[in-house]
Amino acid sequence: MNGFDITGWGMSVPERVVSSVELAQRFGVDEKWIVSRCGIQERRAVGPGQTTASLAVEAGRRALDKAGLGGGDIAHLIVATATPEQPSPATSAFVHHELGIAGSAHDVNSECAGFVYGLVQAMALIKIDPRPILLIGSDTHTLTANPADRDLSILVGDGAGAVVLVPAAEDRVKGWNLGADGSCTGSLKVLAGGSRMPTTEETVREGLHYAQINGNEIYLNAVRYTVRTVRETLTTAKVDAADVQHVIPHQANIRIINSILSHTGLRPEALVTNLHKYGNTASASIPIALTEALEEGRIHDGDLVLLAGFGAGMTWGSVLLEWGGDKT
């Protein structure tokens with residue numbers, strides 16, 4: 001066994017819709033300004049009882065059902081998230097219990113690049129242990145955004161997406177690339193709540209438990225590093241950008257996505273985006289978009305599918321797959 005097939009996929013988003021009209025009224029701006037700034041018309045937000053783990057469980061269960069497997073068939077569970085269920089234990093432990101996973105479980109925190117990081121980990125793991133893997137991206141960033149922070153509140157949404165990988169004889173990964181630049185930790189951060197700055201009454205009073213974003217830095221680095229990772233993956237795969245049938249980027253901001261396309265030569269017609277209706281769902285955005293594209297019948301056997309993400313830190317990564325295999 002050298003590769004894997006993706007035989008199951010699923011997604012979960014909260015029912016509660018937060019429209020740009022609602023946010024425009026809250027922040028005293030024009031709805032058109034929000035949409036033109038980020039391309040997001042509405043996003044989803046968790047309600048009472050919904051958490052990062054509960055969304056992950058729902059998405060994971062749908063992916064398992066699609067694959068015709070149960071939790072007892074899964075040898076490894078990977079949950080990518082930057083908004084964990086609680087500081088300890090890992091979110092994957094909660095998901096592991098709810099889904100009845102038989103094997104191991106661990107989290108990946110690479111922010112919005114988490115799903116791609118998790119996928120590369122799964123690719124390596126399945127080569128040395130050829131048994132099914134469940135990979136989930138789940139985030140609830142509406143809970144980390146300060147309700148008074150306009151710039152972040154208009155961007156983020158909640159959701160989860162999942163895929164099931166099973167071992168296969170053929171390796172359909174044509175190329176991949178991961179990277180990080182730890183000098184960029186200040187561009188998107190939550191200052192309080194960790195060992196550097198434990199939570200106190202003062203940190204809560206000053207709102208330091210909320211996420212803070214430097215939008216200009218994120219924009220510039222997101223374009224620079226995503227362009228780099230896409231080029232390196234395509235070079236490794238010896239594939240021309242124009243030959244990629246489907247591009248599924250991290251759904252962060254339509255201006256970032258369009259800039260990445262223009263700098264890499266990837267075709268705009270290949271773009272898969274649902275940014276307008278879910279917003280930035282962080283590590284969940286790529287598997288949610290992949291799930292919707294598959295459910296809509298857009299992806300066919302033999303198609304080249306490029307997944308590319310970037311996140312705070314900064315982290316980035318991309319994987320080029322030739323779609324195919326024994327799909328249920």
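This is a walk through the nonpolar cores and the salt bridges of the structure above.

The model is a predicted one, in which local features need pLDDT of at least 70, side-chain atom pairs count only at pLDDT 80 or more, and totals for chains, interfaces and linings use all residues. Residues are numbered from 1 along each chain as its sequence is written, and side-chain values use heavy atoms, with hydrogens and water left out.

Let us start inside. In soluble globular proteins, nonpolar side chains tend to be buried together. Here, a nonpolar core is a set of buried Ala, Val, Leu, Ile, Met, Phe, Trp, Tyr and Cys residues joined through side-chain atoms within 4.5 Å; buried means under 20% relative accessible area, exposed over 50%, and partly exposed in between, with a 1.4 Å probe and protein chains only. The largest such core has 33 residues, and F4, L165 and I248 touch the most other members. Several elements each supply at least two of its residues, among them strand 1 (3–12), helix 5 (114–128), strand 7 (158–168) and helix 11 (285–295). Helix 5 gives the largest share, eight residues. Helices (H or I, at least four residues) and strands (E, at least two) are DSSP runs, numbered from the N terminus.

If you would like one residue to center your view on, try L165. Its contacts (heavy atoms within 4.5 Å) include F4, I6, L119, A122, I126 and I133, leaving aside residues up to four places away in sequence. L165 also touches D5, R131 and P132. A second, separate core has 21 residues, including A53, A59, I74 and V95.

Now for the charged side chains. Side chains of opposite charge can pair when their charged atoms come close. Nine salt bridges are found in the structure, each being a side-chain nitrogen of Lys or Arg within 4 Å of a carboxyl oxygen of Asp or Glu. D5, which we met beside L165, belongs to a salt-bridge network with E170 and R172. Within this network, R172 and E170 pair at 3.3 Å, N to O. R172 is buried, at 14% relative accessibility, whereas E170 is partly exposed, at 41%.

Two further pairs are worth a look. R150 bridges to D151, with the closest N and O atoms 3.4 Å apart; R150 is partly exposed at 32%, and D151 is partly exposed at 33%. R267 pairs with E269 at 3.5 Å between the closest N and O atoms. Of these partners, R267 is partly exposed at 27%, while E269 is exposed at 57%.
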